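Trainee: I would like to learn how to read a structure one feature at a time. Can we work through burial, contacts, charge pairs and a ligand site?

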Amino acid sequence: MISLYVHLPFCRSRCIYCDFYSTTLQGDVMARYVDALERECQQRLDGKDNIYKCTRVHTIYIGGGTPSLLPPDLLQRLFDFVGKSFSIAPDAEVTVEANPDDISRQWLQSLKETPVNRISMGVQTFSNPLLRFLSRRHDAQQAISAVRLCQEAGYGNVSIDLIYGLPGQTMSQWQSDVEQALSLGITHLSAYSLTFEEGTRLDTMLRKGLVEEADEELSRQMYHFLMSATEKAGFQHYEISNFAKPGFHSRHNSCYWQGTPYLGLGAGAHSYDGERTRRANLPDIKAYIAASADVPHETEVLSDSELYDEFIMTRLRTAVGIPLSELPLQDRNYCLAAAEPHLSNGRLCLRDDHLCLTKQGIFTSNDIISDLMK
Ligand code: SF4
């Protein structure tokens with residue numbers, strides 16, 4: 001079983017905090033990009049990457065950028081060649097990312113022609129001043145209406161992304177963001193603490209002293225509120241930043257955290273063979289479209305210690321934790337010795353031979369993860 005990721009790097013405008021690869025180019029570049037995606041798909045299946053061939057695809061994720069900007073006929077073409085190239089499991093989870101302002105009855109109607117069964121929506125906040133500050137194109141009412149339109153159209157599996165720790169964001173604004181999200185009948189919530197990524201406009205503002213990072217204690221309280229509100233609403237906290245109603249964990253993202261193979265198509269997309277080879281397509285749409293043979297990319301073969309570090313980093317973020325039995329004996333001993341202080345102070349616990357973060361440990365997860373790494 002593999003997962004398939006397709007990157008659609010188109011945005012109408014750039015949000016000030018975002019460092020995902022995307023371009024504001026539009027028009028016929030989209031059709032040429034879909035042609036190039038099909039070409040890459042074929043080349044990857046024909047080439048030495050053909051470990052992906054004959055394997056069932058159990059999750060598909062169309063991410064971006066803003067996939068909801070792609071005209072419906074192009075989205076349909078994309079799914080046509082994906083359907084011809086892979087054997088897709090009948091119960092596959094098929095997600096498309098969408099911005100609230102692109103969601104309309106017509107768009108949802110066109111989505112019915114595709115296998116999409118899950119919509120992931122970048123809402124970020126329901127505060128209009130904060131949305132404007134972030135240069136988001138939608139307002140709070142559009143986000144609320146978009147979720148309802150999806151549900152009315154039969155897309156009950158809707159995930160929302162929120163961000164906390166925004167400059168100037170108060171505790172009460174964050175509480176109403178979480179409460180508003182949970183009141184919408186969504187199945188999944190991803191909530192990320194704002195990071196100031198190098199090269200973004202927000203980072204430049206920080207360096208110029210125009211904005212300040214959120215107070216650490218306030219961010220901690222916001223996360224605490226998020227955990228308790230989602231728990232009361234019946235959500236499972238299955239990864240540090242992810243919460244889901246039972247049965248609605250993101251199967252696609254879980255494959256990243258469980259180290260299973262995935263094929264990434266598109267400019268800037270990443271792939272992993274499930275063993276030790278990672279591949280990153282270069283984030284350059286013009287070079288991607290122009291490539292007649294192999295698209296520009298870099299590969300990396302992970303060393304034993306890099307594999308160990310990734311294993312620790314990804315597994316400890318999940319509620320399942322680190323399955324110690326999957327580590328070679330030497331690594332298991334190393335991990336347990338490094339974990340000892342955190343087991344003693346109650347930040348880590350052992351459950352069925354899995355090393356897990358406790359509720360207390362989750363607040364210092366980055367420090368714990370770095371202590372366990374080599
Ligand atoms: S957050 Fe989404 S819409 Fe905004 S620039 Fe990034 S990819 Fe585009």
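Trainee: Is Y223 buried or exposed?

Mentor: Keep in mind that this is a predicted model. Y223 counts as buried, because its relative accessibility is 7% and the cut-off for buried is under 20%. The residue sits in helix α8, residues 216–232.

Trainee: Which residues does Y223 touch, beyond those up to four places away in sequence?

Mentor: Y223 touches Y164, H237, I240, I362 and F363. A distance between C-alpha atoms tells you about something else, namely placement in space. For Y223 and G154, which are 69 residues apart along the chain, that separation is 31 Å.

Trainee: Let me try the approach on L357. Where does L357 lie?

Mentor: L357 belongs to strand β15, residues 354–357. Its relative accessible area is 12%, and the residue is buried. Setting aside residues up to four places away in sequence, L357 touches I240, L316, R347, L348, I362, S365 and I368. Two of these, I240 and I362, are also touched by Y223. From L357 to Q175 the C-alpha distance is 25 Å, with their positions 182 residues apart in sequence.

Trainee: Now the charges. What can side chains of opposite charge do?

Mentor: They can pair when their charged atoms come close. How many such salt bridges are in this model is simple to state: 16.

Trainee: How far apart are the closest N and O atoms of E40 and R279?

Mentor: They are 3.4 Å apart, and the two residues form a salt bridge. E40 is in helix α1 (residues 29–46) and R279 is in strand β11 (residues 277–281), so this pair ties together parts 239 residues apart in sequence. Both ends are out of the way of solvent by the accessibility criterion: E40 is buried at 1% relative accessible area, and R279 is buried at 8%.

Trainee: Which residue forms a salt bridge with D203?

Mentor: R207 does, with 2.9 Å between the closest N and O atoms. This pair is local: D203 and R207 both lie in helix α7 (residues 201–207), 4 residues apart, about one turn of the helix. The two ends differ in exposure. D203 is buried, with a relative accessible area of 6%, whereas R207 counts as exposed at 63%.

Trainee: What does the pair of R278 and E310 link?

Mentor: First the bridge itself: R278 and E310 form a salt bridge whose closest N and O atoms are 2.4 Å apart. The pair links distant parts of the chain, R278 being in strand β11 and E310 in helix α11 (residues 304–316), 32 residues apart. R278 counts as buried at 19% relative accessibility, while E310 is partly exposed at 21%. These values fall on either side of the 20% cut-off, so the labels read as they do.

Trainee: Which residues are linked in a network of salt bridges?

Mentor: R12, D101, D102 and R137 are.

Trainee: What about a buried charge with no salt bridge; how far away is the nearest side chain of opposite charge from E93?

Mentor: That side chain is R118, 4.3 Å away. A salt bridge needs the atoms within 4 Å, so the pair does not count. E93 is buried and lies in strand β3, residues 87–98. Its side chain does reach the backbone nitrogen of H252, at 2.9 Å. Leaving aside neighbours within four places in sequence, its contacts include H58, T59, R118 and H252.

Trainee: Which side chain does T59 join through a polar contact?

Mentor: The side chain of H252, at 2.8 Å. T59 is found in strand β2, residues 56–64, and counts as buried at 0% relative accessibility. Beyond residues up to four places away in sequence, T59 touches I2, S3, L4, E93, R251 and H252. H252 thus takes part in polar pairings with E93 and T59.

Trainee: Last, the ligand. Which residues are around the ligand?

Mentor: They are C11, S13, R14, C15, Y17, C18, G65, T66, N99 and R136. Sorted by class, this shell has 4 nonpolar, 4 polar and 2 charged residues.

Key
Residues are numbered from 1 along each chain as its sequence is written. This is a predicted model: local features need pLDDT of at least 70, side-chain atom pairs count only at pLDDT 80 or more; totals for chains, interfaces and linings use all residues. Side-chain values use heavy atoms; hydrogens and water are left out. A residue is near a molecule or strand if one of its heavy atoms lies within 4 Å of it. Ala, Val, Leu, Ile, Met, Phe, Trp, Tyr, Cys and Pro count as nonpolar, Asp, Glu, Lys and Arg as charged, and the others, Gly among them, as polar. Helices (H or I, at least four residues) and strands (E, at least two) are DSSP runs, numbered from the N terminus. Buried means under 20% relative accessible area, exposed over 50%, partly exposed in between (1.4 Å probe, protein chains only). Lys and Arg count as positive and Asp and Glu as negative; His and the chain ends are not counted. A polar contact is a pair of N or O atoms within 3.5 Å; within protein, one must be able to donate a hydrogen and the other to accept it, and residues adjacent in sequence count only if both atoms are side-chain atoms. Contact means heavy atoms within 4.5 Å.
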